[in-house]
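Please open the structure in your viewer and keep the sequence panel visible beside it. This tour proceeds by selection, and each stop states what is to be found there.

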Amino acid sequence: MSQIPHGRLSDGQLEALMLTANGFTSRQIASRLGSTESGIHQRVNEAAHALGAQTRAHAVAICIARGLISVDDIHVPDDQQAA
């Protein structure tokens, strides 16, 4: 597994986490990014490890807390938005 110094993420790792934050599965992310499902699992796991996260959700939360993912980047489906 490649190491990412000081918790920095590659563009691909950040993109995969952003899609994860938007509710996409690894299979859907792989399709969008032209990768394999196992490649996406590895990419997200390496990103989580670099961030010191315990889970995918924790990795997304860390990215939001560090300003790597903005809440404006997360899209809530119209039928799930609060009135």
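At roughly what angle do the axes of helix 3 and helix 4 cross, and within what distance do they come? Please keep this question in mind while the whole chain is on the screen; the answer follows at the second stop.

**First stop: the whole chain**

The model shown is a predicted one. Colour the chain by secondary structure: there are 4 helices and 0 strands, and from the N terminus on the elements run α-α-α-α. The chain has 83 residues, of which buried residues make up 31%. If you display the surface, its accessible area comes to about 5400 Å², and 50% of this belongs to carbon and sulfur atoms. Among contacts between residues at least 6 apart in sequence, 55% join residues at least 24 apart.

**Second stop: helix 3 and helix 4**

Select residues 37-51 for helix 3 and residues 56-65 for helix 4. The axes of these two helices cross at roughly 55 degrees and come within 9 Å. Helix 3 and helix 4 are therefore oblique to each other, since an angle that is neither under 35 degrees, nor over 145, nor from 65 to 115 counts as oblique. The crossing of helix 3 with helix 4 is left-handed. Now show the side chains at the contact: His41, Val44, Ala48 and Leu51 in helix 3 meet Arg56, Ala59, Ile62 and Cys63 in helix 4. The residues of this contact divide into 6 nonpolar, 1 polar and 1 charged.

**Third stop: helix 1 and helix 2**

Next, select residues 11-21, which form helix 1, together with residues 26-33, which form helix 2. Helix 1 and helix 2 pack with their axes 10 Å apart, at an angle of about 130 degrees. These two helices are therefore also oblique to each other, and their crossing is right-handed. On the side of helix 1, the residues to display are Glu15, Ala16, Leu19 and Thr20; in helix 2 they meet Ile29, Arg32 and Leu33. This contact divides into 4 nonpolar, 1 polar and 2 charged residues.

Which residues of helix 1 are buried? They are Gly12, Gln13, Ala16, Leu17, Leu19, Thr20 and Ala21. What covers these buried residues includes helix 2, helix 3 and helix 4. Just after helix 1, pause at glycine 23, which takes a positive phi of about 90 degrees.

**Fourth stop: threonine 20**

Centre the view on threonine 20 in helix 1. Why does threonine 20 count as buried? Its relative accessibility is 15%, and buried means under 20%, so threonine 20 falls within that class. Leaving aside neighbours within four places in sequence, threonine 20 is in contact with Ile29, Val44, Arg56 and Val60. Add arginine 56 to the selection: threonine 20 and arginine 56 are 36 residues apart in sequence, yet 7.8 Å apart in space, C-alpha to C-alpha.

**Fifth stop: serine 26**

Finally, move to serine 26 in helix 2. At 5% relative accessibility, serine 26 counts as buried. Which residues does serine 26 contact, leaving aside neighbours within four places in sequence? They are Glu37, Ile40, His41 and Arg56. Keep Arg56 selected to end the tour: Arg56 is among the contacts of threonine 20, is among those of serine 26, and takes part in the contact of helix 3 with helix 4.

Terms used
Residues numbered from 1 in each chain as written. Predicted model: local features only at pLDDT ≥ 70, side-chain atom pairs only at ≥ 80, totals over all residues. Heavy atoms only, no water. Buried < 20%, exposed > 50% of the residue type's maximum accessible area, 1.4 Å probe, protein only. Contact = heavy atoms within 4.5 Å. Areas by Shrake-Rupley, 256 points an atom, 1.4 Å probe, with all protein chains shown as cover. Axes fitted to C-alpha atoms, helices over the stretch in contact; angles between N-to-C directions. Left-handed = near helix turned anticlockwise from the far one by under 90°. Nonpolar A, V, L, I, M, F, W, Y, C, P; charged D, E, K, R; others polar.
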